[in-house]
Amino acid sequence: MNLFRSIRTVTGASGDGYVDWPAVAEAAKASTDAGHLDLSDAERAGYAADVRDARDRLRSLGDVAFDLPDAIEIQNRHHWIDANVDTFQRVMAPVEREAPRALFPGVTRVVNTGSLSVMLAFLGRNVLGQYDPLLLAEAAPGDRDHALYFVHPNISAVAETLDVAEARFRRWIAFHEVSHAAEFGAAPWLSAHLETRLERGVDALAAGELDREAFAELDTAMTAVEGYAELLMDRAFDDDYADLRAKLDARRQGGGPVARLARRLLGLGLKRRQYERGAAFFRTVADARGLDGASAVWERPENLPTDAELDHPERWLARV
């Protein structure tokens, strides 16, 4: 980790755009310890077994036909930053393209480059696993190779901090991320649905407007995605995990003022709310109709719950 090199990279940001993307990646990595990837054969086999077991269990439990992504990677923090800087760039492209020319473009570029590198570095130090549907990628949604990442140094560090067995914690993370693969496998239309709302929202921001409806629809859909994954985890994981959830929640709420501010700015509190709200909805639906009934949400976009239905599952049950 080299904070001086990170600062020097940001202040030297160049190019014609509002963001120097290569500098974002370089500065984020310079300020972040990559972490080790010297896994034993048993640890590598453990990751493979966890993913395979999660796939088989979720296929059987949810009666969902889905394949695992071709790209399943055990990463260090720098690998994760490299994999995700492209996502940031795709999301920001319309804003960069349409935004009016800055009065002081060099200063604006340095500020934007620094802000984004700080965001990526913070996430790179905290993300445990990620199912990546590659939203806004150039290929059509049905032609994209989705990806599954595990950030091993973070998994090891958090397991130690929480005082839980690393193998058990790793397995829990694997089941959660593979649950997302099951969702996207059950709903081939989901990537395009999310992407359309994201594009609308970002395009509006680029034009200096706020499309509240697009972001509300995106939030509702993501609440369903996170909630259904929680339901699958609840039914599929082969061990009680209440202690893991409680310890991880306590860790997220803790930390210093800088970490708490970063979580708020990055919307990580909103993600926790999506988990809780979505899980409450799906547990009510599953109690009434079983897991098959809950899975009906992925049959077509019209079956997604509305914002009101998330808080009143009986309305969704009556409608669908």
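## Two strands and two helices in a predicted model

Strand β2 (residues 129-132) and strand β3 (residues 147-151) pair in the antiparallel sense, with 4 bridges between them, in what is a predicted model. Within this pairing, Tyr131 has Leu148 of β3 as its bridge partner. In a regular strand, side chains point alternately to the two faces of the sheet. Strand β2 is covered on both of its faces, since Gly129 and Tyr131 are buried on one side, while Gln130 and Asp132 are buried on the other.

The helices can be described by their residue ranges, as the table shows.

| Helix | Residues | Residues meeting the other helix |
|---|---|---|
| α6 | 152-162 | His152, Ile155, Ser156, Val158, Ala159 and Leu162 |
| α7 | 166-186 | Glu166, Phe169, Arg170 and Ile173 |

The residues of this contact between α6 and α7 comprise 6 nonpolar, 2 polar and 2 charged ones. The axes of α6 and α7 come within 9 Å and cross at roughly 125°; because an angle that is neither under 35 degrees, nor over 145, nor from 65 to 115 counts as oblique, the two helices are oblique to each other. Their crossing is right-handed.

One residue of α6 deserves a separate look, namely His152. Is His152 buried or exposed? With a relative accessible area of 0%, His152 is buried, because buried means under 20%. Leaving aside residues up to four places away in sequence, His152 touches His36, Leu37, Leu39, Glu43, Tyr47, Ile74, Gln75 and Glu166, and Glu166 is one of the residues in α7 that meet α6.

How values were computed. Residues numbered from 1 in each chain as written. Predicted model: local features only at pLDDT ≥ 70, side-chain atom pairs only at ≥ 80, totals over all residues. Heavy atoms only, no water. Axes fitted to C-alpha atoms, helices over the stretch in contact; angles between N-to-C directions. Left-handed = near helix turned anticlockwise from the far one by under 90°. Contact = heavy atoms within 4.5 Å. Nonpolar A, V, L, I, M, F, W, Y, C, P; charged D, E, K, R; others polar. Buried < 20%, exposed > 50% of the residue type's maximum accessible area, 1.4 Å probe, protein only. Pairing = 2+ DSSP bridges.
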